[in-house]
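Let us look at this structure together and ask how its labels are earned. Each answer sets a value beside its rule.

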Amino acid sequence: MFRALRNGWRLLRMAVTFARHDALFPLETLAIAPALVAWARLFAWRRQTRRPGERLATALQELGPSFIKLGQALSTRADLLSEEVAADLARLQDHLPPFSGAEARRIIENELGRPVDKLFERFDDVPVAAASIAQVHFAVTSDGRDVAVKVLRPGIEEAFARDLDLFYWMAELVERTQPRFRRLKPIESVKAFADVVRVEMDLRMEAAAAQELGDNFRDDPTYRTPDIDWDRTAQRVMTLERVDGTPIGDRDAIVAAGHDPNEIMRKCAEAFFYQVFRDGFFHADMHGGNAFVDRSGCIVPVDFGIMGRVDEDTRGYLAELLVAFLRRDYRAVAEVQFRAGYVPHHQSLEMFAQACRSIGEPIFGKPSHEISIARLLAHLLRVTEQFEMAVQPQLLLLQKTMLMAEGMGTRLNPMVNIWELARPLIEDWMVTHFGPRATTRRAARDIAHGLRRLPRLIDNLHLVAERERRRAEQSEMVPALAGRGWRTVLVEVIAVAALVLAVVAIVEGWS
């Protein structure tokens, strides 16, 4: 009861803020507390001429750090909001007034257990960037290295915990009272959001993500991550190499520095492909200010608070989907969706293929440089209601990242399609990982994994047979019957194992 009263009061205040900015439409769409929303309209200012997404972004900015992050997360939900609103939320600026340098020094000393003057030869009290969760200060270490020091905001963990409780409460309310929205998995979506925020609240996790991404590109001269100073990193403080380069979103500066924008775009496309398809681990906040081009032309990303993971099955699904769309083979697109289990089998494959054609043709009918694969994926996610598709949270973050990558590519060269640059890599990857030999090799690996579990299976069968034998004896049945049953089962298991071993040997011979 207390939780409901507390969150009800906070929802009321939130509704009033939305009303002041004429941005109540999300609450109206979700039909959350319609009486409260109607009451909040009394506080609405006169109708504004700005787009709905811009009004919503302004309201979320006013509500604070958690709501800024929520707005950025909602920018992936073109299936829930309109595409225009989602695009406006994607541009939501994560900037807040900085906290004092003295407070930053206090946090650093508490976390690292040493005075700032002992850790750094110089520490700039004025931050170079201040966002909803942390701010960044430039410094020079005691051994003379230029570094950037990221420091969490004071009290940010408690503030997010309160707001996450409100978000969970609202999601539970929607699932309980609005069955039509259950397929959108509101509670699961809030959990995914909470998991991302939880990682951002522990800068050791961000440092680990940066190092993992860097290790994945260790032998690649075109892409690297800044070095982490682990001795000056803790839960609320992260110290990393200061990147000396040109922001990747500034085309004029890139040209002035002597770099070819098309070459930079190619490197970005290849790096994105390798992250998603080769490694299944990608930088999920790749806007123009979160990556730099160093003097050698190497791409150097920063800010690793939001990272995405894609399992092997999803990678295969994505590769097949993209190649099928690029070839305009809409039946293949539909078959991929059905095979992945994203579309219920009672739905019509032909009708879904027709829906995919209605999505793809308006996009692929344009010049190649105007084709947006991210927008295509967003449209695909929006047909979920018509075909009873469950939302796939792991794809939403990827779709947002693809949209950012396209925006970055457009700034570098609006006449080149970034995905066409990556298409040969995707097709080669498909042949390598999903061709006949790769499929057979993967099946053999799965069979071998099953064989490793065979001894335990036999032990379990023995226990079951022994239990059945005793039960038969107690029932005055013929004991030999149970014994013969056990022997029969064991012979069958051994025969199957022998057959599987033969198959594995043949497959390995092919490889």
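A residue is buried under 20% relative accessible area, exposed over 50% and partly exposed in between, using a 1.4 Å probe and protein chains only. The model is predicted, so local features need pLDDT of at least 70 and side-chain atom pairs count only at pLDDT 80 or more, while totals for chains, interfaces and linings use all residues. Residues are numbered from 1 along each chain as its sequence is written, and side-chain values use heavy atoms, with hydrogens and water left out.

Q: Why is Tyr274 called partly exposed?
A: Tyr274 has a relative accessible area of 22%, and the partly exposed class runs between 20% and 50%, so the label follows.

Q: Why is Thr401 called buried?
A: Its relative accessible area is 0%, and the rule asks for under 20%, so Thr401 is buried. Thr401 lies in helix H18, residues 393–412; helices (H or I, at least four residues) and strands (E, at least two) are DSSP runs numbered from the N terminus.

Q: What does Thr401 touch, not counting residues up to four places away in sequence?
A: Thr401 touches Phe272, Phe282, His283 and Ala284, where contact means heavy atoms within 4.5 Å. Thr401 and Met286 are 115 residues apart in sequence, yet 6.5 Å apart in space, C-alpha to C-alpha.

Q: What makes helix H14 largely enclosed by the rest of the structure?
A: Of its 15 residues, 12 are buried, so H14 is largely enclosed. Among them are Tyr317, Leu321 and Phe325.

Q: How do you know that the reach of H14 is close to the expected one?
A: The expected span is 1.5 Å times one less than the number of residues. H14, residues 312–326, reaches 21 Å from its first C-alpha to its last, close to the 21 Å expected.

Q: Why is the pair of Phe167 and Phe193 called tilted?
A: By the ring rule (Phe, Tyr and the six-membered ring of Trp, centres within 6.5 Å; planes under 30 degrees apart stacked, over 60 edge-to-face, the rest tilted), the count comes to 10 aromatic pairs. Phe167 and Phe193 are 6.0 Å centre to centre with 55° between the planes, so the pair is tilted. The pair links distant parts of the chain, with Phe167 in helix H9 and Phe193 in helix H10, 26 residues apart. Phe167 is buried at 6%, and Phe193 is buried at 10%.

Q: What makes Phe273 and Tyr274 edge-to-face?
A: Their planes are 65° apart at 5.4 Å centre to centre; an angle over 60 degrees counts as edge-to-face, so the name fits.

Q: How do you know that Arg278 lies over the face of Phe217?
A: The rule wants NZ of Lys or CZ of Arg within 6 Å of the ring centre and within 35 degrees of the ring normal. Arg278 is 4.9 Å from the ring centre and lies over the face of Phe217.

Q: Why is the contact of Asp229 with Arg145 called a salt bridge?
A: A side-chain nitrogen of Lys or Arg must be within 4 Å of a carboxyl oxygen of Asp or Glu. The closest N and O atoms of Asp229 and Arg145 are 3.0 Å apart, so the pair qualifies. The two residues are 84 residues apart. Asp229 is buried at 6%, whereas Arg145 is partly exposed at 35%.
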